[in-house]
Amino acid sequence: MQAVIVAGGKGTRLRPLTYQMPKPLVPLFDRPFLVYLIERCRSVGITDIILNIHYAAHQIQEVLGDGSALGVKIRYSIETTPLDTCGAVKLGGEFFSGESLLVFNADILTELDLKALIQFHKSSGGVGTIALVRVEDPTAFGLVELDAQQKILSFREKPTAAQARLWGIDTINAGTYVLEPEVFARVPEGTSWSFERQLFPELVASAPGMYGFLSTGYWLDIGNPAKYLQAHVDVLQGKLPYPLDATEVQPQIWASGGVTIDPQAHLIPPVYLGAQTQVGPGAKIGPSVVVGANSLINGPLSPGIYPPGTLVFAQG
């Protein structure tokens, strides 16, 4: 199986963080989120990865190279003009091996069981499977309607609250798919084409159709600053498993390698301190604060007071 990661967007919702770097390289605990997605692929035995890029493409290529440092093989599919979600994946067709494709949106933090998703797809007989999650307020999302066998019946775009109650549907597209490569024969070359509005409805209406795989684990779209902060706090509070390269020195106080904390410093959990960070005696940090690597707090260049909901990166 191959993976395709769609990472070409400009990340406008995440500005100002994305003015100088592409969204997939924005760090989650001092590590580019894109690296986390690649490691997720590798954890289920997928090491052949096609990376769709457009905005600040050279930065992503410089950071990841050919993928060998991460134990994978990366080929780049570079958009010169935006092709939307489906058109972007179609662009990488020269690298398709004929195997099933695991397709990711590059701004979703989830504990989706990838092995279970892949196995469900193989047993369903469909040409595509969409990972789904349930949400309390579906009005900001497109809804996916299933039958009793989890076959997709229809897509319903961003309902009102009254419509959502009437339909009794709370399942939404979770941004991860398993697709058979032949479905892209339906997509015109070099054309902006959408999964959600064009390809998926067409596949649902044809045989053998598409299926939905319901995930009950953690799911968060981290594409705006508030959700980006929430992702950090949720990890620190243990709401999802995440491979933090840090030690929990106090309950919900995490410190990476080389961190020094003065005994007079006041840390209110949850707090994360990146590698080689120095915390002085007058520092007051927290709650819900993430400090990036090589930072100096309560030193000559910083007052040392970090209020709730603060993300500090590249201070050193």
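Biologist: How many bridges pair strand β7 with strand β8, and in which sense do the two strands pair?

Modeller: Happy to start there, keeping in mind that this is a predicted model. Strand β7 covers residues 143–146 and strand β8 covers residues 152–156. One bridge partnership between them is that of Glu145 with Ser154 in β8. The pairing is antiparallel, over 4 bridges.

Biologist: Nice. Which residue in the turn between β7 and β8 has a positive phi?

Modeller: β7 and β8 form a hairpin, with 5 residues between the two strands. In that turn, a positive phi of about 70 degrees belongs to Gln150.

Biologist: Let's move to the open sheet. In what order do its 3 strands stand?

Modeller: The pairing in this sheet is parallel. β14 (260–261) and β20 (296–297) stand at the edges, each with a single partner strand, so one side of each has no neighbour in the sheet. The order is β14-β17-β20.

Biologist: And which residue in β17 stands opposite Ile261?

Modeller: β14 and strand β17, residues 278–279, run parallel and are joined by 2 bridges. Opposite Ile261, in β17, stands Val279.

Biologist: On to helix α7: what distance does the helix reach from its first C-alpha to its last?

Modeller: Helix α7 spans residues 225–236, which makes 12 residues. At 1.5 Å a residue, 16 Å would be expected. The model comes close to that, with a reach of 17 Å.

Biologist: Which residue caps the N-terminal end of α7?

Modeller: Look for a side-chain oxygen that lies 3.1 Å from the backbone nitrogen of Ala226. That oxygen belongs to the capping residue, Asn224.

Biologist: What about just after α7: which residue takes a positive phi there?

Modeller: Before leaving the helix, note that its buried residues include Tyr228, His232 and Asp234, along with Leu236. Just after α7, a positive phi of about 75 degrees is taken by Gly238.

Biologist: One last topic. Are Cys41 and Cys86 buried or exposed?

Modeller: Cys41 has a relative accessibility of 0%. Cys86 likewise has a relative accessible area of 0%. Because buried means under 20%, Cys41 and Cys86 both count as buried.

Biologist: Then how many disulfides does a search of the whole structure find, and why is Cys41 too far for a bond with Cys86?

Modeller: A disulfide needs two cysteine sulfur atoms within 2.5 Å. The cysteine sulfur closest to that of Cys41 is in Cys86, and it lies 19 Å away, so the pair is too far apart for a bond. The search of the whole structure gives a disulfide count of 0.

Definitions and conventions:
Residues numbered from 1 in each chain as written. Predicted model: local features only at pLDDT ≥ 70, side-chain atom pairs only at ≥ 80, totals over all residues. Heavy atoms only, no water. Expected span 1.5 Å × (residues − 1). Buried < 20%, exposed > 50% of the residue type's maximum accessible area, 1.4 Å probe, protein only. Polar contact = N/O pair within 3.5 Å; in protein donor to acceptor, adjacent residues only side chain to side chain. Pairing = 2+ DSSP bridges.
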